[in-house]
Amino acid sequence: MTAQVLIDNHHRRLVRAGDTVFLEDEPGDTAFFVESGQLEVSRGSGDELFVLAHLGPGEIIGEMSLIDASPRSATVRALSDAELSVIDRATLNQRLQLADPLVQLLVHSMLNRLRAASTQLGAKERRASLVEVVGEGREADQVSSVHQSARASADIEARLRLALERDELELHYQPIVRFDGGETVGFEALLRWPDGEGGFHSPFEFVPVAEQSLMILDIDQWVMRRACEDALRLRCGGSKPYVSINVSSRQFASSAFLDTLLQTLADTGAEPKHLQIEVTEGAMIESPQRAMEVLRELRNMGFKVALDDFGTGYSSLSYLQKLDANVLKIDRSFVVQMRHGRAGATIIKAIAALGNALGMTVIVEGVETNSEALRLRGIGCELAQGFGYSKPLPIEAAVAWLNKGPAQITT
Ligand code: C2E
Ligand code: CA
Ligand code: CA
């Protein structure tokens, strides 16, 4: 008897106690993740039946056939009602393409070893199906480029960890300025990693590497603490600017995020009103419901919350209204488009109108010239950030910037 399928929406399968999930020698190209219930794995039948294992929640079964398309090497039955998640080959390949380069390298290496072992055993059919999984003869090139990028990432990661441990990272502050009158209302904290030759490694290169490993959590925590300390230094004079912190999706999704933030405030003496938390739409995608709850809590505690890189994601308009963000940061790419005479200005105007209608403050990023500033101010944007006003500054220079009076664009 085959598994009695109560629900099979291609991703989830419920089997009843006594049902067969799959039979020995059956062809198979799916694996199953056990969500609940108990399964028995056996070989043979009748008097010759050998029970090989019992499996429970959190375990995977059928993975060999998924990887090498060979027939099932055992029979699996449900000992109790069980809920299984179905993993098919297309899903596996899709995930592999998205995975961290190091994980891809490990999987490719394991497949290569398995292939070598299969070849040695003379199992030519197995070899053919493995080649199919890895990619029709392109596997050598693929493995070599995966290998290279995994090594590059591992190298950046190791050096970045060292820089963090040696306290070599810096936080620079880019002014956020009111178009009207030039008051500096805040600063965005931007991470800087000195390259040893007088310049800096680009965060666009190393932040994604840190995000693929858990290191981004340590870095974000370091940023949080330093930003809180510096927020107090920036408020020493007459003006009361806030410091805007970039929170990675991973940190935002971590259950410890709010506790760590509150602990950092307690340790440093900073207050929620001194900070703005910047999140991108990416942080909302994995778990929108939880993301909304965290945003609401942040707002309730008194933090300003900004949606960063607005307009570059997918889901913005549908739940912008439901999100408890009070600031919208329009991505720099629209100002670049405006500069080239394309639809940028129209899009910025539409986003600003939407933000204003929802009671949000609109910041435009990447303002480089006075004529851009005049145009953007005319289409409903309140605040500006860009090289035209100032590049990100080390803390001492940011403190000095505040003493210079209203910001002006000189270009
Ligand atoms: P972002 O959050 O969109 O930051 C704005 C980026 O635009 C910064 O690049 C800033 O220097 C740059 N920028 C600002 N005004 C102008 C302008 O007028 N012209 C041009 N060409 N660029 C301008 P940066 O510092 O290289 O940071 C890149 C990205 O790295 C950031 O994008 C953010 O996603 C990430 N990042 C930076 N610091 C942190 C951090 O502390 N934590 C996390 N998680 N991510 C960070
Ligand atoms: Ca940002
Ligand atoms: Ca941005």
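The legends below describe close-up views of a predicted model.

**View 1. The protein chain as a whole.** The protein chain contains 16 helices and 17 strands. It has 411 residues, of which 32% count as buried. Among contacts in the protein chain with a separation of 6 or more, 65% are between residues 24 or more positions apart.

**View 2. An open sheet of four strands.** The strands of this sheet follow the order β1-β8-β3-β6, and their pairing is antiparallel. At the edges are β1 (12–15) and β6 (60–61), each of which pairs on one side only. In general, the strands of a sheet pair through backbone hydrogen bonds, in either a parallel or an antiparallel way.

**View 3. Strand β3 and its two partners.** Strand β3 covers residues 30–36 and pairs with β6 over two bridges, in the antiparallel sense. Two residues of β3 can be matched to β6 here: Phe32 stands opposite Ile61, and Phe33 stands opposite Ile60. The pairing of β3 with strand β8 (residues 82–88) is also antiparallel and runs over six bridges. In that pairing, Val34 stands opposite Leu84 of β8.

**View 4. The surroundings of ligand 1.** Ligand 1 is surrounded by 22 residues, and the closest are Leu191, Pro203, Asn246, Gly386 and Phe387. Several elements of the chain each supply at least two residues of this shell: the strands β10 (184–194) and β14 (304–310), and the helices α6 (203–212) and α7 (215–234). Sorted by class, the shell holds nine nonpolar residues, seven polar residues and six charged residues.

**View 5. The buried and exposed sides of helix α15.** Helix α15 spans residues 370–378, and its residues Glu372, Ala373 and Leu376 are buried. These buried residues lie on the same side of α15, because the arc they cover around the axis is only 100 degrees. Ser371, Leu374 and Gly378, on the other side of α15, are exposed.

**View 6. The packing of α15 and the residue that follows.** The buried residues of α15 pack against two helices, α13 (332–339) and α14 (344–357), and against two strands, β16 (361–365) and β17 (383–385). Gly380, just after α15, takes a positive phi of about 95 degrees.

Terms used: Residues are numbered from 1 along each chain as its sequence is written. Chains are lettered from A and ligands numbered from 1 in the order in which they are written. This is a predicted model: local features need pLDDT of at least 70, side-chain atom pairs count only at pLDDT 80 or more; totals for chains, interfaces and linings use all residues. A residue is buried if 20 or more other C-beta atoms lie within 10 Å of its own, exposed if 12 or fewer, and partly exposed in between; C-beta atoms are placed from the backbone. Two residues are in contact if their C-beta atoms, placed from the backbone, lie within 7 Å. Two strands pair if DSSP finds at least two bridges between them. A residue is near a molecule or strand if its C-beta atom, placed from the backbone, lies within 6 Å of it. Ala, Val, Leu, Ile, Met, Phe, Trp, Tyr, Cys and Pro count as nonpolar, Asp, Glu, Lys and Arg as charged, and the others, Gly among them, as polar. The arc is that of the directions from the helix axis to the C-beta atoms.
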